[in-house]
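With the model open in your viewer, follow the stops below one at a time, selecting the residues named at each stop before reading on.

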Amino acid sequence: MCHVIVTCRSMLWTLLSIVAAFGELIAFMSTDWLVGFPRTPDAVFGPHGATAAGEAYRPTLGIYGRCIKLPHLRGVLCGPYAVHFGEIASGFWQATSIFLAAGILLLCAVAFISVFTMCFQSIMKKSIFNVCGLLQGIAGLFLILGLMLYPAGWGSDKVQLYCGPDAAPYRAGLCSMGWAFYTAMGGTVLTFICAVFSAQAEIATSSDKVQEEIEEGKSLICLL
C-alpha cells in the first residue's frame, strides 16, 4: 500500500531541489556570464550615404553563446557562437561545460525523483532522501569545479574581443560579471544546502508520529 507522506521539511526540500536545478540550468544556457565594455555598432552605409552609429550598448558573452548588436538590426542578436563543442572559447570553458552539465544532470534527476518522495521513501532498502542528498553533494562538487575553471578561460581571444586586451585568466579586464554567473554561484550554494537538508526530510518522514499514522491505517499523512 502506498502511503502519501507530506511534511513541511520534505516539501521544502523538494521545492529547494527543483529551484536549484532550474536555476543552474537557466544560468548555464544564458549568455549573461560576462558583460562587455560599452560600444556602438559600426556606421551603416545606405542609399543616402553613411548613417550615424547606433546607441551604445554592452554585448554579453556566455559559455557557448553571445548577444551582440549589428548595424542593420534594431534589436540585439543572441545565439550560440560555438556550433560544435570544439569551438567553445577555451579548453577551460570546455571543461567548465562538462562539469556544469554533469552537475545539472544530477540535479535534474534529483528534482524529478523528489516529486515522488511523497509516495516512495526508499529505494532498494535505502532512504531515497539520503541517496538524493548524496547525489546533490556530488553535483555540488561538479558545479564548484566548473565555476573555479571558468575564470581561467578569460585570457582567450574570444573574451578579449568583449573585455579588451587586458583580460587574462582570473582577470575580467573591462568586463563585469553578469547575472548568470551569480545565479550559478547561488545555485551551487543552494545545492549544498539541499544536500544537508535532505537528512531533515528523512527524519521528518520517518518520525514516530508518521509511524503512528501508518499503523492507524491512514494512506494520506500530512504533518507540520
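Begin by selecting Phe116, which counts as partly exposed at 41% relative accessibility, because that value lies between the 20% under which a residue is buried and the 50% over which it is exposed. This is a predicted model, so what you see at this and every later stop is computed from predicted coordinates. Phe116 sits in the loop between helix 2 (91–115) and strand 8 (122–123). Now add Phe112, Val115 and Phe120 to the selection and show the surface, since together with Phe116 they make a nonpolar surface patch of about 420 Å².

Next, select helix 3, residues 128–149, and display its backbone. At 1.5 Å a residue, its 22 residues should span 32 Å, and the C-alpha atoms at its two ends are 32 Å apart, which agrees. Then colour the buried residues of helix 3, which include Ile128, Phe129, Cys132, Gly133, Gln136, Gly137, Ala139 and Gly140, and, further along, Leu143, Gly146 and Leu147. While looking along the axis, keep in mind that an α-helix has 3.6 residues a turn, so residues three or four places apart point the same way.

The tour now turns to the cysteines. How many disulfides does the model hold? The count comes to 2 disulfides.

For one of them, select Cys67 and Cys78, whose sulfur atoms are joined at an S to S distance of 1.8 Å. Viewed about the S-S bond, the link of Cys67 and Cys78 is right-handed, with an angle of 115 degrees. It connects distant parts of the chain, with Cys67 in strand 6 (residues 65–68) and Cys78 in strand 7 (residues 77–80), 11 residues apart. Are the two partners buried or exposed to some degree? Cys67 is buried, with a relative accessible area of 10%, whereas Cys78 is partly exposed, with a relative accessible area of 46%.

For the other, select Cys163 and Cys175, which form a disulfide with their sulfur atoms 1.9 Å apart. The link of Cys163 and Cys175 is left-handed, with -90 degrees about the S-S bond. This pair, too, links distant parts of the chain, as Cys163 lies in helix 4 (residues 157–163) and Cys175 in the loop between helix 4 and strand 10 (176–177), 12 residues apart. Both Cys163 and Cys175 are buried.

To finish, select two further cysteines, Cys108 and Cys194. Cys108 is partly exposed, with a relative accessible area of 32%, while Cys194 counts as buried at 1% relative accessibility.

Technical notes: Residues are numbered from 1 along each chain as its sequence is written. This is a predicted model: local features need pLDDT of at least 70, side-chain atom pairs count only at pLDDT 80 or more; totals for chains, interfaces and linings use all residues. Side-chain values use heavy atoms; hydrogens and water are left out. A disulfide is a pair of cysteine sulfur atoms within 2.5 Å. Helices (H or I, at least four residues) and strands (E, at least two) are DSSP runs, numbered from the N terminus. Buried means under 20% relative accessible area, exposed over 50%, partly exposed in between (1.4 Å probe, protein chains only). Patches are made of residues with over 30% relative accessible area and no salt bridge: like charges are joined within 9 Å, nonpolar side chains (Val, Leu, Ile, Met, Phe, Trp, Tyr) within 5 Å. Accessible areas come from the Shrake-Rupley method with a 1.4 Å probe; for residues, only the protein chains shown count as cover. A salt bridge is a side-chain nitrogen of Lys or Arg within 4 Å of a carboxyl oxygen of Asp or Glu. The expected span of a helix is 1.5 Å times one less than its number of residues.
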